[in-house]
Amino acid sequence: MTLSCDVAIIGAGTAGMAAYRAARVHTDQVLLIEAAHYGTTCARVGCMPSKLLIAAAEAAEAVRESHRFGVQAEPPRIDGRAVMQRVRSERDRFVGFVLETVHGWPEATRVFGRARFTGPGVLEVDGQRIQARSVVIATGSHPAVPAGWRERLGARLLVNDDVFDWVDLPRSLAVVGAGVIGLELALALHKLGVRVRLFARGERVGPLTDPELQALSRQLFADELPLTLRAADLDPVLDGDEVVIGGERFDVLLCAAGRQPNLDGLGLEALALPHDARGHPLIDRHTGQWGGGPVFIAGDVASDRPLLHEAADAGRIAGDNAARWPDVHRRPRRAPLAIVFSEPQIAIAGATHAELVAAGQAFDTGRVSFADQGRSRVMLVNRGGLHVYAERSSGRLLGAEMIGPAAEHLGHLLAWSVQRGDTVQQMLDCPFYHPVIEEGLRTALRQLSSDLHLPQPPIETCLDCDTAAEVGN
């Protein structure tokens, strides 16, 4: 027996669920196919449980640092079992909300099993044949692990998916990979009393691309926890019950060396789909279309900005166009926004420094250090810096990179300005309260405005601009 549908969606994560909702606006003939479990990477093993762990770490750090404000407290006693109990309990609650949503959809639209293409528009799911007018691939990604490490280290090798099922905290942990996942978990566990060393394969720590800010991030994070850079030839071994790496011994090793798309086993060889030089799917991110036919792709599997809000947007676009096929619509995408919940935090809004340089864009940079920024000093979080980039010819904000306090909030303000097409002057015309951390952004914008050498607007329309020339006339 063959099932027929207008749209088949492979994967029930953030992108797949968004694609399902979008497709169902146009047709009831939608099948959502899942091989492992319903739910999202974010809720199960990603952004939500990691923030629960980070919140516990921040609570411990607040107690530990209270003496700097003249408030005396006993050193915190970390109850690892209680920490992980809350992480697991709240994680399960978030996952439960997702499951309620999926199980609220008609059972006839859900198929559980592993899908693979046997030809264009034809899928096999555990022996069941499905004919689909269009297909959305939203199968997500999985942690990348160097060859041989699993065989060599066995249960002493972990990926971030494993961390949130811990019953207790380990005594010591080696973290390999200084990207977002590795950095967040290493810092959180360090503050929770775990002996941690973070190994970075190169010199970059975190996602910042601006050379000045990357150097600053290396310095700040090296002050926070043991850090080994340029560790490209790591060769961990198991000695008894311990992992030996970089000359140190640890209870376990957490591999956070990136993620890979879940494309194996899908039978894609039965389709003629284009790839780039690195083997990644060549997709149109404004339509979700992979190639010229009725195959669409969305979420982490596309290796395109692996973030929840991006996956949700991509899923919505892919699902909408899959249901409309062959009437494909190009849809706008939001300004890039990425945040790292480290300490200090990191934010990237709009174009990165590296992207602007690679594009040959003529731009100027406004800078501010938070070392002497008023509110930051009051709160004893006066570390880091912010760089804002504007187009030299127009003063339009192009992007920003930041490491410092309240980056998760400043990042949003900056991304909104980039998306609106605000100029530096328009941003300066907005109100800034005193004393707030946002005043640091104003400092950077004022410097940038001065460096741009653009014509001053009329004094009647500009409160925060240089009126000296007009006064002198």
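How far apart should the ends of helix 9, with its 17 residues, be at 1.5 Å a residue? The expected span is 24 Å, and the end C-alpha atoms are 24 Å apart, so expectation and model agree. Keep in mind that this is a predicted model. The points below cover helix 9, three aromatic pairs, histidine 353 and a sheet of five strands.

**Helix 9**
- Helix 9 runs over residues 308-324.
- The helix is mostly covered, with 12 of its 17 residues buried.
- Among the buried residues are Glu310, Asp313, Asp320 and Asn321. Alanines are on the list too, including Ala311, Ala314 and Ala318.
- The cover over these buried residues includes strand 1 (2-10) and helix 1 (14-24). It also includes strand 6 (128-137) and strand 19 (295-297).

**Aromatic pairs**
- The count of aromatic pairs comes to three.
- One of them joins phenylalanine 296 and tryptophan 325: the ring centres are 6.4 Å apart and the planes stand at 75°, so the pair is edge-to-face.
- Phenylalanine 296 lies in strand 19, and tryptophan 325 lies in the loop between helix 9 and strand 20 (337-340), so the pair ties together parts 29 residues apart in sequence.
- Phenylalanine 296 has a relative accessible area of 0%, so it counts as buried.
- Phenylalanine 363 and tyrosine 389 also form an edge-to-face pair, at 5.7 Å centre to centre and 80° between the planes.
- Phenylalanine 363 is in strand 22 (residues 363-369) and tyrosine 389 is in strand 23 (residues 385-391), so this pair ties together parts 26 residues apart in sequence.
- Phenylalanine 363 is buried, at 12% relative accessibility. Tyrosine 389 is buried as well, at 0%.

**Histidine 353**
- Histidine 353 sits in helix 10 (residues 353-358).
- Its relative accessible area is 16%; buried means under 20%, so histidine 353 is buried.
- Leaving out residues up to four places away in sequence, histidine 353 touches Thr209, Asp210, Pro211, Phe363, Tyr389 and Glu401.

**The five-stranded sheet**
- Strands of a sheet pair through backbone hydrogen bonds, either parallel or antiparallel.
- Here, five strands form an open sheet in the order 20-21-24-23-22, with antiparallel pairing.
- Strand 20 and strand 22 are at the edges with a single partner strand each, so one side of each has no neighbour in the sheet.
- On average, neighbouring strands of this sheet are turned by 10° against each other, direction ignored.
- Strand 20 pairs with strand 21 (residues 345-350) in the antiparallel sense, over four bridges.
- Leucine 337 stands opposite alanine 349 of strand 21.

Terms used:
Residues numbered from 1 in each chain as written. Predicted model: local features only at pLDDT ≥ 70, side-chain atom pairs only at ≥ 80, totals over all residues. Heavy atoms only, no water. Helix = DSSP H or I, 4+ residues; strand = E, 2+ residues; numbered from the N terminus. Expected span 1.5 Å × (residues − 1). Buried < 20%, exposed > 50% of the residue type's maximum accessible area, 1.4 Å probe, protein only. Contact = heavy atoms within 4.5 Å. Phe/Tyr/Trp six-rings, centres within 6.5 Å; stacked < 30°, edge-to-face > 60°. Pairing = 2+ DSSP bridges. Axes fitted to C-alpha atoms, helices over the stretch in contact; angles between N-to-C directions.
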